[in-house]
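Got the viewer open? Load the model, pick a cartoon view, and keep the selection box handy for the stops below.

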Amino acid sequence: MQLFLTGATGFLGEYLLRDLLERGHEVWCLYRQPAKRLDTVRFLSDFDLPRQAEKLHWLQGDLLTLADCWPAWLQEHPGLGKVDQLLHCAAAMQLHLTADGEPLRTNLGSASVLLRLVELQPMQVHLVSTAYVCGRQESAWVPEFVHHRGDFVNSYEESKWQAEQLWAGRATLLRPSIIVGDTFTGRCTSFFGWYLFMQAVQLLSRLIEDGDADGQPVDLQLVLPFSATDTMNIVPVDFVAQSVVRLIENPANHRRVFHITHPNPPTYNRIWQYVSSRVGLRGVGFAGTAAQTVQPRNELERLACCQMESVLDYFGNNPLFERSNYVQALPDLSPPEITEELMDLWLAYAIDNDWGQ
């Protein structure tokens, strides 16, 4: 493929770029910050990439002015005119609307800019979205199609839905669930999703280290508004990147919708059992989404509630995702089983890197 990639210096983008180059494609990458580009080049060098310099090209610019810059770039880089595929991975990750309009400004604004760009140079467009673009659903089963407006959990989900509306039927919609670290190294550069939950529990354990526990596991007596059998759909970044690249390589998959999700995600009960054994906490129950909020009875419970409330909204939507399109397109590719050993790898990497701080 002759492909233009946005977000190449981001967490998922680096893995997409690696896989594209390893499979012999020629890639033009948009970047803003030279330091981020250098970090990505270092990442690629660990895999002896790029093996051929003519396969990788860098263009410095801003995503929201992409269409304005394109004519000048075509004059400076004649090879850019051969590009006929566009993989849009860049995104603002803020969960709630900020003073400068993020994530709506970037996620919807960039989708609009791409409409102008393909008028200048026709390209097949592939959008990396999110499986949670559905918002809260009356049904727990989320099909692989373009959704009507939902009851969104946060602004990030809504911004991705709005971007999809602009491209529905005209672009491939690639919807990963919660992306976590590398299957083999644990590497992560974007500590959202699963990591928010883990970080909250670790911080909670630190807050009560000096309590009267006498070295024994602390009993929180905390009830969360989830069902113990609800699931957290997490997928490793390398699996997502491999899936995306293989999906867009086949023209038969273009302009379709694909859920890049885990067919057997871990339950909240299983995740809690894992993390509690690692940090020495116990006493968390699951009362279901209809449970009434219970006021904390002491300072320890107040600390626990405050810390967990910071992530409850994020994990309040736990549907099951249809994977029919995905399985039809890639019957031989499945994510790894989410084992304790794998979670250990991700958690150790996050702690060693201070959760990206």
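Select Asp230 first: this acid is buried (under 20% relative accessible area with a 1.4 Å probe, protein chains only; exposed is over 50%, partly exposed in between) yet has no salt bridge. The salt-bridge test asks for a side-chain nitrogen of Lys or Arg within 4 Å of a carboxyl oxygen of Asp or Glu. Add Arg136 to the selection: this is the nearest side chain of opposite charge, and it is 10 Å away. For charges, Lys and Arg count as positive and Asp and Glu as negative, while His and the chain ends are not counted.

Before moving on, note that this is a predicted model, with local features needing pLDDT of at least 70, side-chain atom pairs counting only at pLDDT 80 or more, and totals for chains, interfaces and linings using all residues. Residues are numbered from 1 along each chain as its sequence is written, and side-chain values use heavy atoms, with hydrogens and water left out.

What does Asp230 touch, leaving aside its neighbours within four places in sequence? Show Pro266, Thr267, Tyr268 and Asn318, which are in contact with Asp230 (heavy atoms within 4.5 Å). Asp230 itself sits in the loop between β9 (218–224) and β10 (234–236). Helices (H or I, at least four residues) and strands (E, at least two) are DSSP runs, numbered from the N terminus.

Next, select 237–249, helix α7, and pick out Ser243. Ser243 counts as buried because its relative accessibility is 0%. Beyond four places in sequence, Ser243 has contacts with Ile260, Tyr326, Leu330 and Leu333. Try a distance label to Ser334: the two C-alpha atoms are 9.0 Å apart, though 91 residues separate them along the chain.

Ile260 takes you to strand β11, residues 257–260. Are its faces covered or open? Both are covered: Val257 and His259 on one side, Phe258 and Ile260 on the other, all buried. Now add β7 (residues 171–176), which runs parallel to β11 and is joined to it by four bridges; strands count as paired if DSSP finds at least two bridges between them. Ile260 is the bridge partner of Pro176.

Now go to 155–167, helix α5, and click Tyr156. With 13% relative accessibility, Tyr156 counts as buried. Its contacts, not counting residues up to four places away, are Ala92, Met93, Gln94, Leu95, Pro103, Asn107 and Thr130. Glu102 is 54 residues off along the chain, with its C-alpha 8.5 Å from that of Tyr156. Other buried residues of α5 include Trp161 and Trp167, and the buried set packs against α4 (104–120), β5 (124–128) and β7.

Last stop: helix α11, residues 340–352. Its 13 residues should span 18 Å at 1.5 Å a residue, and the end C-alpha atoms are indeed 18 Å apart (the expected span is 1.5 Å times one less than the number of residues). Colour Leu342, Met343, Trp346, Leu347 and Ala350, which are buried. Look down the axis: the buried residues fall within an arc of 130°, so they line one face of the helix (the arc is that of the directions from the helix axis to the C-beta atoms). Glu341 and Asp352 are exposed on the other side. Just after α11 comes Asp354, with a positive phi near 50°.

Zoom out to finish. The protein chain has 11 helices and 13 strands, and 51% of its 357 residues count as buried.
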